[in-house]
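Biologist: I am new to this one and would like to learn how to read it. Could you walk me through it, one feature at a time?

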Amino acid sequence: MLEKILHIYAPASIGNFVVGFDALGAAIKPISGELLGDVVKISSCEQDEFICSGKYADKLPDNANENLSYLCLLHFRKHIKPDMPTIKLELQKNLPIGSGLGSSACSVVATFTALDKFANTLLSEDELIELMADFESLASGGRHYDNISPCYLGGLQLTGELIPGRSIKIPVPSDWYYIVAFPGFSLNTSKARSVLPKQLDMHKSVEFAQRLSAFIALLQSNGQSGEYQQALALMKDDVAEPHRASLISGFSESKQALPELGAQAMSISGAGPTLFAVCTNLNDANKCADWLQKNYINDEGFCHICQLDDTGTRELTHSELNKG
Ligand SMILES: Nc1ncnc2c1ncn2[C@@H]1O[C@H](COP(=O)(O)OP(=O)(O)O)[C@@H](O)[C@H]1O
Ligand SMILES: N[C@@H](CCOP(=O)(O)O)C(=O)O
């Protein structure tokens with residue numbers, strides 16, 4: 001009998017997407033075709049085994065009991081499928097930790113998707129998303145779905161406990177490019193959440209609701225009367241960015257430089273320190289990427305021009321496996 005081996009890829013994501021703190025997030029993929037996300041490999045084994053490999057494995061705690069992926073496996077074995085055959089689970093940790101690219105969500109989503117598929121549990125989308133959010137909240141210091149939902153489902157997702165079905169996919173113009181730059185240093189999400197105010201005043205709350213709802217409504221149009229330009233003009237974050245900016249060295253210089261190079265919007269990806277800019281053509285996207293390469297990132301950093309990853313979490317193809 002052929003041995004069953006499964007490789008599940010989960011993409012990086014941009015939490016908040018500027019206007020939707022904890023409520024809006026996008027899955028992304030580099031236009032170069034490179035993969036930007038974690039991979040979970042599962043195969044049969046005589047007893048359960050966990051391995052963490054990949055570029056950023058050594059940035060995670062040595063103790064497997066502190067690795068979210070292993071915690072997901074323990075939970076699945078104990079509470080969901082105790083009779084699942086024993087397995088070897090390998091997490092290929094390809095996203096930097098504390099990056100603002102939804103790294104913890106990526107491992108959790110890849111792991112639960114792989115376990116569900118391998119064990120043929122057929123958990124519903126809702127059940128899986130709840131389970132994933134439970135485990136991601138262990139790491140980030142708050143329950144939010146804006147990395148989990150897009151990472152799992154792909155695209156731009158409006159998401160949260162009040163959203164029917166937890167998630168609504170929002171259409172996005174196909175000519176929007178997202179330039180993401182990870183500077184090479186980490187910022188812990190729970191630390192970046194701890195600097196936020198505990199309450200929003202009335203005026204700010206009303207503005208937040210107006211901005212997010214108008215942005216979503218404009219994206220639902222066909223864009224023929226300038227609605228996409230209006231949506232871009234609304235991309236401003238008054239909720240989290242002002243409190244987090246000082247935690248990110250190089251933020252204010254980038255905020256000043258990128259609009260002059262053609263960025264239509266620019267902010268923090270998730271809790272940072274990755275920054276991202278939105279451009280509506282490749283020429284401007286290249287100019288922003290060059291500037292960020294030269295001025296924002298160090299030797300450990302990277303910069304990609306991306307578009308939305310509409311598929312989300314998926315099994316890797318043979319050709320992708322042979323490449324890597
Ligand atoms: N597989 C994993 N991937 C990412 N982070 C993990 C994982 N397992 C445990 N962690 C821990 O979770 C925390 C994640 O930090 P966080 O700032 O939320 O990262 P990110 O913003 O990149 O998701 C870190 O303390 C890290 O050590
Ligand atoms: N909405 C969250 C998003 C955190 O994203 P991460 O990629 O930094 O984990 C927040 O802004 O705290």
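Modeller: Gladly! Let us begin with the surroundings of ligand 1: the residues of its shell divide into 7 nonpolar, 13 polar and 1 charged. Please keep in mind that this is a predicted model.

Biologist: Which residues come nearest to ligand 1?

Modeller: Of the 21 residues around ligand 1, the nearest are Ser103, Ser104, Ser107, Ala139 and Thr189.

Biologist: And which helices supply at least two residues each to that shell?

Modeller: Helix H1 (68-80), helix H2 (103-118) and helix H3 (125-140) each do so. H2 gives the largest share, with 3 residues.

Biologist: How should I read a shell in terms of domains?

Modeller: Start with how the chain is split, then see where the shell residues come from. Here the protein chain is divided into domain 1 (5-170 + 310-323) and domain 2 (177-306). The shell around ligand 1 takes at least three residues from each of these domains.

Biologist: What about ligand 2: which residues come nearest to it?

Modeller: Gly15, Gly100, Thr189, Gly270 and Ala271 come nearest, out of 16 residues around ligand 2. By class, the shell of ligand 2 holds 4 nonpolar, 9 polar and 3 charged residues. Domain 1 and domain 2 each provide at least three residues of the ligand 2 shell. Notice that Thr189 is listed among the nearest residues for ligand 1 and is also listed for ligand 2.

Biologist: Now the domains themselves. How many residues of each are in contact with the other?

Modeller: On the domain 1 side there are 27 residues, and they are in contact with 33 residues of domain 2. Strand E2 (13-15) and strand E3 (24-30) each supply at least two residues of the side of domain 1 that touches domain 2. E3 contributes the largest share of that side, 4 residues. By class, that side of domain 1 has 15 nonpolar, 11 polar and 1 charged residues. As for spacing, the C-alpha centres of domain 1 and domain 2 lie 23 Å apart.

Biologist: How do I read a pair of packed helices?

Modeller: Look at the distance of the axes, the angle, the handedness, and then the residues that meet. Take H1 and H2: their axes are 9 Å apart and they pack at an angle of about 30°. The crossing of H1 and H2 is right-handed. From H1, the residues Leu68, Ser69, Cys72, Leu73 and Phe76 meet Ser104, Ser107, Val108, Thr111, Phe112 and Leu115 in H2. This contact of H1 with H2 counts 7 nonpolar, 4 polar and no charged residues.

Biologist: At what angle do H2 and H3 cross?

Modeller: Their axes cross at roughly 145° and come within 9 Å. H2 and H3 also make a right-handed crossing. On the H2 side, the contact is made by Ser104, Ala105, Val108, Val109, Phe112 and Asp116. On the H3 side stand Leu128, Leu131, Met132, Phe135, Glu136, Ala139 and Ser140. Sorted by class, the contact of H2 with H3 has 9 nonpolar, 2 polar and 2 charged residues.

Biologist: Why are H9 and H10 described as roughly antiparallel?

Modeller: The angle decides it, with over 145 degrees counting as roughly antiparallel. The axes of helix H9 (residues 251-260) and helix H10 (residues 282-295) cross at roughly 155° and come within 10 Å. H9 and H10 are therefore roughly antiparallel to each other. H9 passes H10 in a right-handed crossing. Glu253, Ser254, Ala257 and Leu258 in H9 meet Cys288, Trp291, Leu292 and Asn295 in H10. By class, these are 5 nonpolar, 2 polar and 1 charged residues.

Biologist: Finally, how do I spot unusual backbone geometry?

Modeller: Check the backbone angles. One case is the peptide bond joining Gly272 and Pro273, which is cis, with omega about 10°. Pro273 sits in the loop between strand E10 (265-268) and strand E11 (275-279).

Biologist: And what is the phi of Phe17?

Modeller: Phe17 has a positive phi of about 45°, although it is not a glycine. You can find Phe17 in the loop between E2 and E3.

Technical notes
Residues numbered from 1 in each chain as written. Chains lettered and ligands numbered in written order. Predicted model: local features only at pLDDT ≥ 70, side-chain atom pairs only at ≥ 80, totals over all residues. Near = placed C-beta within 6 Å. Nonpolar A, V, L, I, M, F, W, Y, C, P; charged D, E, K, R; others polar. Domains from an automatic or database assignment. Axes fitted to C-alpha atoms, helices over the stretch in contact; angles between N-to-C directions. Parallel < 35°, antiparallel > 145°, perpendicular 65-115°, else oblique. Left-handed = near helix turned anticlockwise from the far one by under 90°. Contact = placed C-beta atoms within 7 Å.
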